Amino acid sequence: MWNSIPAPLLTNALDSPQAPAIINAESALSWSGLKQQAGHVKSWLIRQGYKAGDRIALAPTGTVDEICFLWGCLETGVIFCGFNARWPFQQQAGLARKVDADFLTPGSIIAANQQAAAIDLPAS
């Protein structure tokens, strides 16, 4: 997917792979680490049957797991539908149905990232 559109994030990942991409209070993740984790998520999404054009809805809170998951969606061509995390859960789920998206919770994103990493497939 990355070859079809200009991708500043990918450019950073390729030009400065060891530079920090995400820094939080606990750790830092390099661009190469982010790309590798996103590649694992991409593989997981494909194994789950997702393909370009499918939709996933999430109310992101900004965690590293969510960022890796969203990058995996970009690499797969899966459309991310972001909702406001302040909206009630039922409203988010209802909107996901209206846009024909699978509604994922932050907990399911963490589980997906853990499953993807556990398989330890090479990033593609």
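# From a parallel sheet to a pair of packed helices

Strand S3, residues 55-58, runs parallel to strand S4 and is joined to S4 by four bridges. The model in which this pairing appears is a predicted one. Within the pairing, leucine 58 has glycine 82 in S4 as its bridge partner. The two strands belong to an open sheet of three strands, whose order is S4-S3-S5 and whose pairing is parallel. Strand S4 (79-82) and strand S5 (102-103) form the edges of this sheet, each of them pairing on one side only. In general, the strands of a sheet are paired through backbone hydrogen bonds, and the arrangement may be parallel or antiparallel.

The edge strand S5 can be followed through one of its residues, phenylalanine 103. Although 45 residues separate phenylalanine 103 from leucine 58 in sequence, their C-alpha atoms are 6.1 Å apart in space. If the neighbours within four places in sequence are left aside, phenylalanine 103 is in contact with Ala57, Phe83, Phe89, Gln92, Ala93 and Ala96. Is phenylalanine 103 buried, exposed or partly exposed? Its relative accessible area is 21%, and because the cut-off for a buried residue is under 20%, phenylalanine 103 counts as partly exposed.

Ahead of S5 lies a loop that comes after helix H4 (89-98), and aspartate 100 is found in this loop. Aspartate 100 has a positive phi of about 55°, although it is not a glycine. With a relative accessible area of 59%, aspartate 100 is exposed.

A second pairing of strands involves S1 and S2, which run antiparallel and are joined by three bridges. One of the bridge partnerships here links isoleucine 22 with leucine 29 in S2. A hairpin of four residues leads from S1 to S2, and glutamate 26 lies in the loop between these two strands. Glutamate 26 is exposed, at a relative accessible area of 69%. Its C-alpha atom is separated by 25 Å from that of aspartate 15, while the two residues are 11 residues apart along the chain.

Leucine 29, by contrast, has its place in strand S2 itself, and with a relative accessibility of 16% leucine 29 counts as buried. What does leucine 29 touch, once residues up to four places away in sequence are not counted? The residues in question are Ala19, Pro20, Ala21, Ile22, Leu34, Gln37, Val64 and Cys68. One of these, valine 64, is 35 residues away along the chain, and the C-alpha atoms of leucine 29 and valine 64 are separated by 8.7 Å.

The contacts of leucine 29 include Leu34 and Cys68, and these two residues also take part in the meeting of helix H2 with helix H3. Helix H2 covers residues 31-47 and helix H3 covers residues 64-76; the two pack at an angle of about 65°, and their axes are 7 Å apart. Their crossing is right-handed. On the H2 side the contact includes Trp31, Leu34, Ala38, Val41 and Leu45, and on the H3 side it includes Ile67, Cys68, Phe69, Trp71 and Thr76. Sorted by class, the contact between H2 and H3 has 12 nonpolar, four polar and three charged residues.

Taken by itself, H2 has 17 residues and reaches 24 Å from its first C-alpha to its last, which is close to the 24 Å expected at 1.5 Å a residue. Among its buried residues are Trp31, Gly33, His40, Lys42, Ser43 and Trp44. The cover over the buried residues of H2 includes helix H1 (8-15), strand S1 (20-23), strand S2 (28-30), S3, H3 and helix H5 (106-119). Just after H2 comes glycine 49, which takes a positive phi of about 95°.

H3 can be described in a similar way. Its 13 residues should span 18 Å at 1.5 Å a residue, and this agrees with its end C-alpha atoms, which are 18 Å apart. The buried residues of H3 are Glu66, Cys68, Phe69, Trp71, Gly72, Cys73, Glu75 and Thr76, and what covers them includes H1, S2, H2, S3 and H5. After H3 comes glycine 77, whose phi is positive and near 90°.

How values were computed. Residues numbered from 1 in each chain as written. Predicted model: local features only at pLDDT ≥ 70, side-chain atom pairs only at ≥ 80, totals over all residues. Heavy atoms only, no water. Axes fitted to C-alpha atoms, helices over the stretch in contact; angles between N-to-C directions. Left-handed = near helix turned anticlockwise from the far one by under 90°. Contact = heavy atoms within 4.5 Å. Nonpolar A, V, L, I, M, F, W, Y, C, P; charged D, E, K, R; others polar. Pairing = 2+ DSSP bridges. Expected span 1.5 Å × (residues − 1). Buried < 20%, exposed > 50% of the residue type's maximum accessible area, 1.4 Å probe, protein only.
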